[in-house]
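Here is a short briefing for a reader new to this structure. Please look over the sequence and the model first.

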Amino acid sequence: RPGADLAPYRADFPVLQRPMNDRRLAFLDSAASAQKPQCVIDAERDCYERYYANIHRGVYQLSQQSTQAFENVRGIVQRFINAPDEREVVFVRGATEAINLVAQSFVRPMLQPGDEVLITGMEHHANIVPWQLVTEATGAHLVVAPVLDDGSLDMDGLRARISERTRFISVVHVSNTLGTINPVETITELAHARGIPVLIDGAQSAPHMPVDVQAMGADFYTFSAHKTYGPNGSGILWGRLAHLQAMPPYQGGGDMIRTVRFEGSEYAEPPQRFEAGTPNIAGVIATGVGLEYMEAVGRDRILAHEQSLLAYANERLAEWDDLRVIGTAPGKAGVISFVIDGIHPHDMGTILDMEGVAVRVGHHCTQPLMERFDVPATVRASFGLYNDRADVDALVDGLHKVKSLLG
Ligand code: PMP
């Protein structure tokens, strides 16, 4: 059975050993945030216990040690996404901050009234609202490529929406609601043929599959560490060095300057130019450990494992006539969103929780996508490397309970 060999890794996650309502916890909400393996928890704690100090300018040993551990993570990230240069790795709070940074520092200065920024109909709010902020401020327009009925991106629709006025394209790699994996290589090719730079929102691809920003042809790529088995409050912006070098800072403060005078300041080179203030030192160090953990498990294996769980869930849910899966694109990642006729997703989520099954219910920060599929909300089960068939069985058993109580 493909992927079944990941079973031993479940033991690495302390919270998953905790019973929920006297049942084995079926944690099916990794798309929102992944649980943390012991090595990540230990790494953060080890930093505070043994060598924590503020980084960069310290002459004493603790500071040098923490600086080295912190800076070492740039190389880990570089290898994780196959970036050409570790100076292209910017530490941020998460994908949301990264997209806002690119919107404000890279895109906003180039926008004239009537220009266009192109996104898709399946974007997370984090890849919608930052573009509304910059287009509204400059008189530019936000243009949206449509989504097909099966939840895949309408590529003809996308092509048709690339115009003379398109200045930037920002696209989600893997939809957090549908699980659709978008053909990002094709999109960057189309865009570059017209000289348009592209940001790939990798919040849901970095945790689940091998990532190669060069093969992808991206100009910018971003992800959040809390979804790649790392800590909260840490994330990555990768951008091509030439872009980063041409960009003004997003925030001002300590650590992002070369010299400061009241008459004017000189900014540091990237990546420091975009890292104002004291960063999340222990969090960044633990972020690196999360990525190394994923590498040790193997990202091809993680993807195969999660897709095999998705296939099993589809198989088990196929017998339910009144259950509608939203998002059935071929080759999806391990996310299944569904609704059941006549039962509100929030009621399902509450009853499933009583059965020890943790799923997300709601709009998943994709309200326009909910409107596209004419549902107010869905139940979403999403897989991580620690899930197994028993979790899917618990979900199906829980849904039987839902039916018996509310059906
Ligand atoms: N994009 C996608 C596709 C996401 O799933 C998320 C997180 N749910 C984000 C962006 C934003 O990530 P964060 O909240 O960690 O900044």
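The points below cover one sheet, the helix beside it and two cysteines.

This is a predicted model. One of its features is an open sheet of four strands with antiparallel pairing. By the distance rule for sulfur atoms, the model has zero disulfides.

**The sheet**
- The strand order is S11-S12-S15-S14.
- Strand S11 (323–326) and strand S14 (360–362) stand at the edges.
- Each of these two has a single partner strand, so one side of each is left without a neighbour in the sheet.
- From one strand to the next, the twist averages 30°.
- Strands of a sheet pair through backbone hydrogen bonds.

**S11, S12 and the helix**
- S11 and strand S12 (residues 335–340) run antiparallel and are joined by four bridges.
- Arg324 has its bridge partner in S12, namely Val339.
- Helix H10 (residues 299–317) packs on the sheet and touches both S11 and S12.
- The direction of H10 makes about 15° with that of S12.

**The cysteines**
- A disulfide is a covalent bond between the sulfur atoms of two cysteines.
- The cut-off used here is a pair of cysteine sulfur atoms within 2.5 Å.
- For Cys39, the closest cysteine sulfur is in Cys47, 15 Å away, which is too far for a bond.
- For Cys47, the closest cysteine sulfur is in turn that of Cys39, at 15 Å.
- Cys39 is partly exposed, with a relative accessible area of 31%.
- Cys47 is buried, and its relative accessible area is 0%.

Terms used
Residues numbered from 1 in each chain as written. Predicted model: local features only at pLDDT ≥ 70, side-chain atom pairs only at ≥ 80, totals over all residues. Heavy atoms only, no water. Pairing = 2+ DSSP bridges. Axes fitted to C-alpha atoms, helices over the stretch in contact; angles between N-to-C directions. Contact = heavy atoms within 4.5 Å. Buried < 20%, exposed > 50% of the residue type's maximum accessible area, 1.4 Å probe, protein only.
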